[in-house]
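Visitor: Could you walk me through this one? I have not looked at it before.

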Amino acid sequence: MTRPGGKWQNWARSASIRPQRVEFPRSAEAVQRAVLAAKDRGMLVKAVGSGHSFTGIAVAPGVLLDLSDLSGIVTVDTERRLVTLKAGTKLHQIPQLLAPYGLAMENLGDIDRQSISGAISTGTHGTGSTFGGISTQIVGATLVTAAGEFRTIDENNSPELIPAIALGLGALGVLIDVTVQCVPAFLMHAVERREPIQDVVANIHERATGVDHFEFYWFPHTEFALTKENTRLPEGDKRHPLPRASKWVDETLLANGVYRLTCALGHVAPAIIPPVSRMAAQLTGSREYTDLSTNVFTQSRTVRFREMEYAIPVENVQAAFDELRSVINRNGWKISFPVEVRFAKGDDRWLSTAHGRDSAYIAVHRYWKEDPSQYFRAVEAIMSQYGGRPHWGKMHTLRAETLRERYPRFDDFVALRNELDPERMFRNAYLDRVLGA
């Protein structure tokens, strides 16, 4: 289906555009026809998933391809645990699709609203010092190139290009399906605690490697962090999920409803943020439960925000985090959103923020109605001191000249882009900035 372009905006309201036209392809052939039609008319093309990136990576000034209808399973190889999914399949749909086969994705982030193609194309990740981002689970993909040709990359067809295609920023073509290396379905035992931030930071490396999945949130203006430790268990173990009522109170009423009101009030009267944050930290309780992996990995976040996240070598996380705390205190900023710290194993994806090095991720947020620029600039300066690589889907200011120095395979990626999209049919202003015009 095709319609004239109305206004498109991302979830964070940090990027918007009025594309010339919008198309909703329901098949691989429909994507191909859309690309060929745009090529004939000399129009730019961008595919969009859920619009959950905070950058302008999905902004489409020409033809916007909304892949929402390109959803579901293509094939399943139960013996090898390989599942091919259509590119527009949302992460929150995947557990139900995999359940009949006793399979699950190996690792996930804490938000599941993204499409599978959008998540891998921007380098979305979860946490776990021995686990990679979502793109590391991709072992094959099919895309439509700028010439309107189908190109399959897998173990039998140009396998050396999998590390490029699996995290391609939407710059190499339009993904129409991806093949995921799944694992047997599993449970996770979750332990969440309020702990003194000094104790957490002092033992941060032991904490990160001492459990399958570790992360923590620090609440500015307080001396406390919320730590999360998740341990993987066989699917056959007994589940002890959170009681439905208490889960609703914690995650719907408090974490979204009351917190939304607090952020709105803090935007109008910033002076209330520190005391409210201290009170909230004091009231944060501990939780322990065992549930299906996806129910532990992900959570609902409906309070709108904007985010910057940087990956740094894991050995630098303590120093970088301490500097971040100092800069907030020194400037007297009133920050209502917590700082999130996660971990990932180094990988071989050419443009992965964890390429070639075990990494720690430090993410900062601001309520969407607040101006994040001063805070984010200061954090970016700190992360740059440690060779930080910005999450491709989250706000940052780096350009191709700087990014080339931080990614050993940057020029290889650009060369592949020259081959697959020599006339830059899939470009936009964001890609011009981070990859070069």
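**Helices and salt bridges**

Guide: A good place to begin is a helix contact, in which A320, E323, L324, V327 and I328 of α10 meet Y375, A378, V379, I382, M383 and Q385 of α11. Please keep in mind that this is a predicted model.

Visitor: What sort of residues make up the contact of α10 with α11, nonpolar, polar or charged?

Guide: The residues of that contact divide into nine nonpolar, one polar and one charged.

Visitor: And at what angle do the axes of α10 and α11 cross?

Guide: The axes of helix α10, which covers residues 317-331, and helix α11, which covers residues 373-385, cross at roughly 155° and come within 10 Å. Angles over 145 degrees count as roughly antiparallel, and α10 and α11 are therefore roughly antiparallel to each other.

Visitor: Is the crossing of α10 and α11 left-handed or right-handed?

Guide: The crossing of these two helices, α10 and α11, is right-handed.

Visitor: Changing topic, how many salt bridges does a search of the whole structure find?

Guide: Searching the whole structure gives 21 salt bridges. One of them joins the side chains of E223 and R325, with N to O at 3.3 Å.

Visitor: Where in the chain do E223 and R325 lie?

Guide: This pair links distant parts of the chain, 102 residues apart: E223 lies in the loop between β15 (213-218) and β16 (224-234), while R325 belongs to helix α10.

Visitor: Which of the words buried, partly exposed or exposed fits E223, and which fits R325?

Guide: E223 counts as partly exposed because its relative accessibility is 45%, whereas R325, at 10% relative accessibility, counts as buried. The cut-off behind this is that buried means under 20% relative accessible area.

Visitor: What about R342, which residue does it form a salt bridge with?

Guide: R342 forms a salt bridge with E340, and their closest N and O atoms are 3.4 Å apart. Both R342 and E340 are buried.

Visitor: One more pair, please: how far is N to O between R409 and D412?

Guide: The side chains of R409 and D412 meet in a salt bridge with N to O at 2.4 Å. R409 counts as partly exposed because its relative accessibility is 30%, and D412 is partly exposed as well, with a relative accessible area of 34%.

Visitor: Which residues do salt bridges that share partners join into one network?

Guide: Salt bridges with shared partners join E307, E309, E340, R342 and K394 into one network.

Definitions and conventions
Residues numbered from 1 in each chain as written. Predicted model: local features only at pLDDT ≥ 70, side-chain atom pairs only at ≥ 80, totals over all residues. Heavy atoms only, no water. Axes fitted to C-alpha atoms, helices over the stretch in contact; angles between N-to-C directions. Helix = DSSP H or I, 4+ residues; strand = E, 2+ residues; numbered from the N terminus. Parallel < 35°, antiparallel > 145°, perpendicular 65-115°, else oblique. Left-handed = near helix turned anticlockwise from the far one by under 90°. Contact = heavy atoms within 4.5 Å. Nonpolar A, V, L, I, M, F, W, Y, C, P; charged D, E, K, R; others polar. Salt bridge = Lys/Arg side-chain N within 4 Å of Asp/Glu carboxyl O. Buried < 20%, exposed > 50% of the residue type's maximum accessible area, 1.4 Å probe, protein only.
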